[in-house]
Amino acid sequence: MKNIIIFGAPGSGKGTYSDAIVEKYGMNHISTGDTLRNEIKKGTEVGKIAKGLIDNGQLIPDELMVKILANTYDALPKGKGVIFDGFPRTIAQAEALKQMLAERNNELGLVIELVVEEGILMSRLLNRAKEQGRADDNEVTIKKRFDVYHAQTEPILEWFDKEGIRNTVKWADHPSKEQMIEAIFNLIEEKNA
Ligand code: AMP
């Protein structure tokens, strides 16, 4: 399997669709958000740095994030494709990921960009706050996360275009979880990922 980057705004369904892909294709999954939340739970130094930033809707600095990603990647079983969920979030991270994979005789694969209208994202995230109680799922922090997404993360789309790896799946065209999953599986198979 090729590597897959699942990309989109907060609440676009990256985790949900990653789980569906893992179940169907048996890939490795790296969710940098889950990794950081785990560090916070364990009370590590990284966790202490991450907590204030996450609760504020800000990004963890690139240098630290790239180190965490490389450690997580190197600990995975070899020979399977990886789904990168929540990484890269800046162009610097995208460049670092490309380089890290090249150093390991591997490459980026394909990007699946999830497009969902912002009003739907907000209501999903507020719902998730009720169900999962994530500290960063409150209205003020969600707005900050959207701002950070537009300012720092969205510009990567052009970088993906230049690499020729960007593919888009829109909620407006597939307005249910099942339809999105079907469109994503079709895309993976079409790209022979
Ligand atoms: P997520 O679970 O992907 O929504 O991530 C939750 C939070 O973790 C984000 O709002 C960031 O504060 C932090 N985070 C996750 N991935 C990254 C990353 N690649 N770079 C910087 N910060 C990240």
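Start by selecting Arg 37 and the ligand: one of the polar side-chain atoms of Arg 37 lies 3.0 Å from a ligand oxygen atom. Keep in mind that this is a predicted model.

Next, add Gly 86. Here the contact runs through the backbone, with a polar backbone atom of Gly 86 placed 2.9 Å from a nitrogen atom of the ligand. Then pick Arg 89, which has a polar side-chain atom 3.0 Å from a ligand nitrogen atom. With these contacts displayed, turn on the surface: the ligand on its own has 480 Å² of accessible area, and the protein covers 96% of that.

Now widen the selection to the whole shell. The ligand is surrounded by 16 residues, and the closest are Thr 32, Arg 37, Gln 58, Gly 86 and Gln 93. Colour the shell by class to find six nonpolar, five polar and five charged residues. Select helix α2, residues 32-42, which supplies four residues, the largest share of the shell. Hide the ligand and look at the space it takes, which is the largest pocket.

For the last stop, go to helix α3, residues 45-55, and select Lys 51 within it. Is Lys 51 buried or exposed? Lys 51 has a relative accessible area of 38%, so it falls between the two and counts as partly exposed. The cut-offs behind that reading are under 20% for buried and over 50% for exposed. To finish, draw a C-alpha to C-alpha distance from Lys 51 to Ser 31: the two residues are 16 Å apart in space and 20 residues apart in sequence.

Terms used
Residues are numbered from 1 along each chain as its sequence is written. This is a predicted model: local features need pLDDT of at least 70, side-chain atom pairs count only at pLDDT 80 or more; totals for chains, interfaces and linings use all residues. Side-chain values use heavy atoms; hydrogens and water are left out. Helices (H or I, at least four residues) and strands (E, at least two) are DSSP runs, numbered from the N terminus. Buried means under 20% relative accessible area, exposed over 50%, partly exposed in between (1.4 Å probe, protein chains only). A residue is near a molecule or strand if one of its heavy atoms lies within 4 Å of it. A polar contact is a pair of N or O atoms within 3.5 Å; within protein, one must be able to donate a hydrogen and the other to accept it, and residues adjacent in sequence count only if both atoms are side-chain atoms. Accessible areas come from the Shrake-Rupley method with a 1.4 Å probe; for residues, only the protein chains shown count as cover. On a 1 Å grid over the protein atoms alone, a cavity is a set of points where a 1.4 Å probe fits but cannot get out, and a pocket is an open set with protein on both sides within 12 Å along at least five of seven lines; lining residues have an atom within 4 Å of a point. A molecule sits in a cavity or pocket if more than half of its atoms lie within 2 Å of its grid points. Ala, Val, Leu, Ile, Met, Phe, Trp, Tyr, Cys and Pro count as nonpolar, Asp, Glu, Lys and Arg as charged, and the others, Gly among them, as polar.
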